[in-house]
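Q: I am new to this structure and would be grateful for a close look at a single part of it. Please begin with the metal site and then place that site within the rest of the protein.

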Amino acid sequence: MKQNRAFFFFGAVFLSCTLLFSAVFRVCLQQLETEIPTNGSSIRDSPVIILDAGHGGEDGGATGTNGVLEKDLNLTVTNTLAALLRLSGYTVVETRTEDKLLYTEGTKKGHKKQSDLENRLFFTTQYEQCLLISIHMNTFPDTFCQGAQVWFSPNHPTSRELGERIQNRITNLVQQDNHRRIKEATSGIYILRHAQVPAVLIECGFLSTPSDCERLCTPEYQKKLVLAIFDAIVKKTEL
Ligand SMILES: [Zn+2]
């Protein structure tokens, strides 16, 4: 009888200790998870990144001095950036991955461009937390213009901050001779004027300037640009 009682007593003590230990262990683990955010958790909490390759299909955008079409370069740069961001764990949505405009089927002639822009903008209303980066190439009658120019949306304070970071990273890492400053979007940039989320448009360089056009067509230069933009986005979303 005595032996049985001792057995139950030690059994109860052992069980209590085990439960207590596992409870303490669980609390400690929770503490660690909340106090030390890992890279994984910062990426998980970061906004959906909407990448928008400008133009497409019947709208080629600007034509380069060597005949390259803006719509094709936009898509190449956007695809590379999307792949890099996805590899790093970010959620990326591309407005287009093919050579086409995004107007709604059945849209009448003369209204296709507007429909296309509205459908691109629609992406920004589909996620609780997102930011938009639109990729374009510039053109200008003066053939000496070169370098990237970033435009930002006036509707969200983070747009300017993100735009400044991208412009600075491109200048520091790729185009040391670029002294351009970011600009607030004019009414001509529909997607930035209407986006209510952080939104920027990057004119990566001038297709109207032979030297700029040539380097924009080079995969090495495209990758450098992408890396600079990627670096700016990653630093921004970590804030
Ligand atoms: Zn364009």
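Which residues coordinate the zinc ion, and through which atoms?

A: In this predicted model, three residues coordinate the zinc ion: H55 through NE2, E70 through OE and H136 through ND1, at 2.1 to 2.2 Å. Along the sequence, the spacing of these donor residues reads H-x14-E-x65-H. H55 and E70, 15 residues apart, link distant parts of the chain: H55 belongs to the loop between strand 1 (48–53) and helix 3 (70–87), while E70 belongs to helix 3. H136, in turn, is located in strand 3.

The donors may be taken one at a time. H55 has a relative accessibility of 14%, and it is therefore classed as buried, the limit being under 20%. E70 is likewise buried. The backbone of H55 deserves separate mention, for this residue has a positive phi of about 65 degrees although it is not a glycine. As a general matter, most residues other than glycine have a negative phi.

H136 also has a relative accessible area of 14%, and so it counts as buried. Its side chain and that of H55 are joined by a polar contact of 3.2 Å. When neighbours within four places in sequence are set aside, H136 is in contact with G54, H55, E70 and N74, and also with L201, I202, E203 and C204. One of these partners, C204, has a relative accessible area of 0%, and it is therefore buried.

Another partner of H136, N74, leads back to helix 3, where N74 has its place. Because its relative accessibility is 0%, N74 counts as buried. A polar atom of the N74 side chain lies 3.1 Å from the backbone oxygen of G54. Beyond residues up to four places away in sequence, N74 touches A53, G54, H55, R96, I135, H136 and M137. Two of the zinc donors, H55 and H136, are thus among the residues that N74 touches.

From strand 3 the view may be widened to strand 6 (199–206), in which G205 is found. G205 is buried, because its relative accessibility is 0%. Its contacts, not counting residues up to four places away in sequence, are M137, N138, G147, A148, D212 and L216. C145 and G205 are separated by 60 residues in sequence, yet their C-alpha atoms are 8.5 Å apart in space. C145 has a relative accessibility of 14% and is for that reason counted as buried. The structure holds zero disulfides.

The nonpolar interior comes next. The largest nonpolar core contains 38 residues, and L85, I133, I166 and I202 have the most contacts inside it. At least two residues of this core are supplied by each of strand 1, helix 3, strand 3 (130–138), strand 4 (149–152), helix 5 (157–173), strand 6, helix 7 (210–216) and helix 8 (219–238). Helix 8 contributes nine residues, the largest share. Apart from this core lies another one of 17 residues, which includes L117, L121, I191 and V197. In soluble globular proteins generally, nonpolar side chains tend to be buried together.

I133 offers a detailed view of the larger core. Leaving aside neighbours within four places in sequence, its contacts are I50, L51, D52, I166, V200, I202 and I233. Among these, I202 is also in contact with the zinc donor H136.

The overall arrangement gives these details their setting. The protein has eight helices and six strands, which follow one another along the sequence in the pattern α-α-β-α-β-α-β-β-α-β-α-β-α-α. Of its 239 residues, 45% count as buried. Among contacts with a separation of 6 or more, 77% are between residues 24 or more positions apart.

Finally, the confidence of the prediction should be considered. The mean pLDDT of the protein is 86, and 80% of its residues reach 70 or more. Over residues 17–41, however, the pLDDT is below 50, and this stretch has zero contacts in the model beyond near neighbours in sequence. Where pLDDT is low, the predicted coordinates should not be read in detail.

Terms used: Residues numbered from 1 in each chain as written. Heavy atoms only, no water. Disulfide = S-S within 2.5 Å. Buried < 20%, exposed > 50% of the residue type's maximum accessible area, 1.4 Å probe, protein only. Donors = N, O, S within 2.8 Å, 3.2 Å for Na, K, Ca; no water. Helix = DSSP H or I, 4+ residues; strand = E, 2+ residues; numbered from the N terminus. pLDDT = per-residue confidence, 0-100. Contact = heavy atoms within 4.5 Å. Core = buried A, V, L, I, M, F, W, Y, C linked by side-chain atoms within 4.5 Å. Polar contact = N/O pair within 3.5 Å; in protein donor to acceptor, adjacent residues only side chain to side chain.
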